[in-house]
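The following exercises ask for a reasoned reading of one protein model. Each task is followed by a worked solution in steps.

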Amino acid sequence: MKKIEAIIKPFKIDDVREALAEIDVSGMTVSEVKGFGRQKGHTELYRGAEYMVDFLPKVKIEIVVKQENVERCIEAIISTAQTGKIGDGKIFVIPVERVIRIRTGEEDEDAI
């Protein structure tokens with residue numbers, strides 16, 4: 001099993017969710033996060049004063065899938081979240097040792 005964490009632009013979340021649903025991803029966790037990478041940030045004007053916004057709003061999607069579904073999930077995220085502009089985000093793939101569904105006690109792939 002693998003955990004896929006994707007950091008994407010907020011306006012892309014609905015498209016990504018729909019693309020993942022089409023390939024039978026049954027659940028995900030979505031968090032509003034802030035951060036920066038090469039995009040660095042930007043300046044904004046507020047009441048006549050310019051100031052630097054270092055952390056940009058992003059959305060983090062977390063899903064756990066079977067090993068054989070990892071590439072399909074990555075392709076779905078890239079094809080829907082990519083704009084071709086700086087700040088499109090990142091995808092991280094992390095090994096998962098164990099999963100337990102609290103309600104039933106099911107474990108590992110049965111618990112996904």
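The exercises below concern a predicted model, and they proceed from charged pairs to the nonpolar core, one helix and selected residues.

**Exercise 1. Identify the salt bridges and state how many there are.**

Step 1. The principle is general: side chains of opposite charge can pair when their charged atoms come close.

Step 2. The criterion requires a side-chain nitrogen of Lys or Arg within 4 Å of a carboxyl oxygen of Asp or Glu. Under this criterion the model contains five salt bridges.

Step 3. One of them links lysine 3 to glutamate 5, with an N to O distance of 3.2 Å. Glutamate 5 is buried at a relative accessible area of 14%, and lysine 3 is partly exposed at 23%.

Step 4. Another pairs arginine 98 with glutamate 107, whose closest N and O atoms are 3.1 Å apart. Arginine 98 is exposed, with a relative accessible area of 54%, while glutamate 107 is partly exposed at 34%.

Step 5. Shared partners join Lys3, Glu5 and Glu62 into one network of salt bridges.

**Exercise 2. Determine which parts of the chain the salt bridge between lysine 9 and aspartate 88 ties together.**

Step 1. The closest N and O atoms of lysine 9 and aspartate 88 are 3.7 Å apart, which satisfies the salt-bridge cut-off of 4 Å.

Step 2. Lysine 9 belongs to the loop between β1 (2-8) and α1 (13-22), and aspartate 88 to the loop between α2 (70-81) and β6 (89-95); the pair therefore ties together parts 79 residues apart in sequence.

Step 3. The threshold for a buried residue is under 20% relative accessible area. Lysine 9, at 13%, is buried, and aspartate 88, at 16%, is buried.

**Exercise 3. Establish what else surrounds the side chain of aspartate 88.**

Step 1. A polar contact of 2.4 Å connects the side chain of aspartate 88 with that of threonine 83.

Step 2. A polar atom of the aspartate 88 side chain also lies 2.9 Å from the backbone nitrogen of glycine 84.

Step 3. When residues up to four places away in sequence are not counted, aspartate 88 touches Ile7, Ile8, Lys9, Ala81, Gln82 and Thr83.

**Exercise 4. Describe the largest nonpolar core and the elements that supply it.**

Step 1. The largest nonpolar core comprises 18 residues. Those with the most contacts inside it are Ile4, Ile8, Leu20, Ile61, Ile63 and Ile77.

Step 2. At least two residues of this core come from each of β1, α1, β5 (56-65) and α2. The element that gives the most is α2, with six residues.

Step 3. Leucine 20 illustrates the packing: residues up to four places away in sequence being left out, it touches Val25, Met28, Ile63, Cys73, Ala76 and Ile77.

**Exercise 5. Compare the span of α2 with expectation and locate its buried residues.**

Step 1. At 1.5 Å a residue, the 12 residues of α2 should span 16 Å, and the end C-alpha atoms are 16 Å apart, which agrees.

Step 2. The buried residues of α2 are Val70, Cys73, Ile74, Ala76, Ile77, Thr80 and Ala81.

Step 3. Viewed down the helix axis, the buried residues of α2 fall within an arc of 160°, so they line one face of the helix.

Step 4. These buried residues pack against β1, α1, β5 and β6.

**Exercise 6. Which residues other than glycine have a positive phi value, and where do they lie?**

Step 1. Aspartate 24 has a phi near 65°. Its place is the loop between α1 and β2 (29-35), where aspartate 24 counts as exposed at 66% relative accessibility.

Step 2. Aspartate 108 has a phi near 55°. Its place is the segment after β6, and aspartate 108 counts as partly exposed at 29%.

**Exercise 7. Is methionine 1 buried or exposed, and which residues does it touch?**

Step 1. Methionine 1 is found in the segment before β1 and is buried, with a relative accessible area of 18%.

Step 2. The C-alpha atoms of methionine 1 and glutamate 97 are separated by 7.3 Å, although these residues are 96 apart along the chain.

Step 3. The residues touched by methionine 1 include Val64, Ile94, Glu97, Val99, Asp108 and Ile112.

Note on methods: Residues are numbered from 1 along each chain as its sequence is written. This is a predicted model: local features need pLDDT of at least 70, side-chain atom pairs count only at pLDDT 80 or more; totals for chains, interfaces and linings use all residues. Side-chain values use heavy atoms; hydrogens and water are left out. Buried means under 20% relative accessible area, exposed over 50%, partly exposed in between (1.4 Å probe, protein chains only). Helices (H or I, at least four residues) and strands (E, at least two) are DSSP runs, numbered from the N terminus. A nonpolar core is a set of buried Ala, Val, Leu, Ile, Met, Phe, Trp, Tyr and Cys residues joined through side-chain atoms within 4.5 Å. Contact means heavy atoms within 4.5 Å. The expected span of a helix is 1.5 Å times one less than its number of residues. The arc is that of the directions from the helix axis to the C-beta atoms. A polar contact is a pair of N or O atoms within 3.5 Å; within protein, one must be able to donate a hydrogen and the other to accept it, and residues adjacent in sequence count only if both atoms are side-chain atoms.
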